[in-house]
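Biologist: Could you take me on a close look at the sheet in this model? I'd like to know how its strands pair and what packs against them.

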Amino acid sequence: AFGLAIGVAILMVLVAGERRIERQTLEARRQEQLANTARLLAEAQLRALQAQIEPHFLYNTLANVVSLIDSQPLHAKRMLERFIDYLRASLAASRAGSATLGAELDLAASYLDVLGVRMGERLRWRIEADAACRALPIAPMLIQPLVENAVMHGLEPKVDGGEMVLRATVDDAGLRG
């Protein structure tokens, strides 16, 4: 009887432990599904943001090229060449699931080149990032909206324009911009 009682007690402990492990496993799976759902939502939001940014810039750039064709054909040609560079980089970035800081900075440079033709001397910009920073992975199209907003709300309204510096460094705390 004593052995049977001990056996039942051990069996109950084992069953309780197995149920606890099963609950923990289910909770871990649920957390993983939530994380995947959050990632998919973030990707969808990023794609929606890309879809909003690119047409606006596309139409404005093409309108500027058309307005320059008769009066300043060399400027129109330069703007169109820079715009083609931007579209190539943008298309590659939009199809990539991941990006590097360097690729995103190159995309921003193409964007700023196009705007530089339109804004002239009112837009001055430079990028300062060493090779170690440029190789770091980041989300695609992360920098583009920041640069666009800085130009649109910071530099463009100013009569004299201004200078934009995109700077990235790495230290013990991580990436700094």
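Modeller: Happy to! Let's start with S2 and strand S4 (residues 162-171), which pair in the parallel sense over seven bridges. To find that pairing on your screen, look for Arg-126, whose bridge partner in S4 is Val-165. Another spot to check is Ala-129, which stands opposite Ala-168 in S4. Please keep in mind that this is a predicted model.

Now follow S4 to its other partner. S4 and S5 run antiparallel to each other, with three bridges between them, and Asp-171 stands opposite Gly-174 in S5. The connection here is a hairpin, with two residues between S4 and S5.

Put these pairings together and you have an open sheet of three strands in the order S2-S4-S5, with mixed pairing. Strand S2 (123-129) and strand S5 (174-176) are at the edges; each has a single partner strand, so one side of each is left without a neighbour in the sheet. From one strand to the next, the twist averages 10 degrees.

Next come the helices. Helix H3 (residues 101-119) packs on the sheet and touches S2, S4 and S5. The direction of H3 makes about 165 degrees with that of S2. Helix H5 (residues 143-155) packs on the sheet as well, touching S2 and S4, and the direction of H5 makes about 145 degrees with that of S4.

As for what holds such pairings together, strands of a sheet pair through backbone hydrogen bonds, either parallel or antiparallel. In this sheet you can look at both kinds, with S2 and S4 parallel and S4 and S5 antiparallel.

Notes:
Residues numbered from 1 in each chain as written. Predicted model: local features only at pLDDT ≥ 70, side-chain atom pairs only at ≥ 80, totals over all residues. Heavy atoms only, no water. Pairing = 2+ DSSP bridges. Helix = DSSP H or I, 4+ residues; strand = E, 2+ residues; numbered from the N terminus. Axes fitted to C-alpha atoms, helices over the stretch in contact; angles between N-to-C directions. Contact = heavy atoms within 4.5 Å.
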